[in-house]
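Open the viewer and keep the selection tool at hand. Here is a short tour, stop by stop.

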Amino acid sequence: MAQDALLAQLRALRERVAGITDTVLASRDGLVVTADTADVNPDNVAALAAASLGLAQRMTAEAGQGRLREAITRSSGGCVAIFAVGASALLLVTGDEGLDTGRLHRESRSTVEALEKLIASARPVA
Amino acid sequence: MLQRLGQVLSRCAARGHCGVVRVAGEPGGTIHLSGGGVTAIDTPGAPGPEVILLRSGRVPEPAWAAAFSAAAAGPMGAELVRRGLVGAGDLAALLRAALADAMFALASGGLADCVPAGAPADCLLPLAPPADPGWLVAATSRRLAAAAALPALPAPAGHARDRWAAAPGAAVAGGRGGGRDAILALANGRRTIRDLAFALGRGVFAVTLEVALMRAEGLLVPAARPDTPAGAPAAAAPVAARPRPPREPAGEAADGAGAGPLPRRRPGQGLPRRDRPAAGPADRAALLWPRRPGGPGGLGTSGPAD
């Protein structure tokens, strides 16, 4: 089932990158599709992530800086990174203070591409 | 590989190298040097001094932020001491311990390559005077040997890979010393020893020893891998899809393109209510697709009726 495959991608990303604590795949309007979480409420962060990603893309456009790669919120206790997954979804990743965001940027590419393909393959046929 | 790293650091010490040594591997990291001595190590494999000071509660976050702002023109360490947040001797001991711990994390995880780079990099809390690389390598060798001798742990690299859970029936009743209560509370089957160290603001080596002892006493068990049938972490609880309001015209920015007005939240618009019937897994994936007449979907459309 596509749902299990989507969750497997989230778990695999957490296995590959030390410091990731939670991941959520959500629709662009903030509804959880699947989540691998323990420390955050997936509903809450999905809704916030949708708003954050929209604002970040708007800011990228306003600043004339090309295409948004990821939106990162950095705090004293860790960070939150949000990636666009195609046009219909987003990936939220939370991490502790030791999360290497450069490594996350590189490793997330394959995860985002895999998620896009899974979503495309699960698309209802007209 | 630790031997190779030791040789590289020895050559750096001999020529009084000022700069960094980039260590490739898992976790990898950056070793900062000044005059051939080691001043700091940045690695995602072990908590640094800032994490240790903040997470352990020794320095409150607002005090840290104030010191950080004030230290813009000078050393952060001196500012922390000046403000009485940490003693000079305590800070030096902490920096030295964090250095040794980071080296242990670098060495036990796997070193693929180590390359000196000339340009010094910013370092918030450098150890002064710098540590002798020979001392650091010798201390790391001893720690690696100690970790390898622990009977209750898998391979040393497991501290960044194997995840730990409280054993069934391990009562979190309190009263256990050595930070064991905190470890039991945090061991949720998802955290590695490295993750526990970050969450606690303690060294990876110290947590390694504690976890080994707790496992031997039956308080902790290795968590099954997520891809094994018995070890799958719980997926997100089913989320009730809230009926969505009609979309605002030009409400959301396209991917990377310019857009119209920002979306406005309507009065009463909030999070999905859990008292509504939950959407099953198949339905939830369909949230990603626009609804076609008579078909599933949720993006830009109304959700299930009450």
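Are helix 5 of chain B and helix 6 of chain B parallel, antiparallel, perpendicular or oblique to each other? They are oblique (the class left over when angles under 35 degrees count as roughly parallel, over 145 as roughly antiparallel and 65 to 115 as roughly perpendicular).

A word on the model first. It is predicted: local features need pLDDT of at least 70, side-chain atom pairs count only at pLDDT 80 or more, and totals for chains, interfaces and linings use all residues. Residues are numbered from 1 along each chain as its sequence is written, while chains are lettered from A and ligands numbered from 1 in the order in which they are written.

**Stop one: two helices.** Select residues 88–109 of chain B, helix 5, and residues 133–148 of chain B, helix 6 (helices are DSSP runs of H or I, at least four residues; strands are runs of E, at least two). Their axes, lines fitted to C-alpha atoms over the stretch in contact, come within 9 Å and cross at roughly 60° (angles run from 0 to 180 degrees between N-to-C directions).

**Stop two: a hairpin.** Select strand 2 of chain B, residues 29–34, and strand 3 of chain B. Five bridges join these antiparallel strands (pairing takes at least two DSSP bridges). B:Ser34 stands opposite B:Gly37. Two residues lie between the strands, and B:Gly35 takes a positive phi near 60°.

**Stop three: chain A.** Select A:Asp22, in strand 1 of chain A, residues 20–27. A:Asp22 is buried, with 21 other C-beta atoms within 10 Å (20 or more count as buried, 12 or fewer as exposed, and in between as partly exposed; C-beta atoms are placed from the backbone). Now add A:Thr37: 15 residues from A:Asp22 in sequence, 4.5 Å in space, C-alpha to C-alpha.
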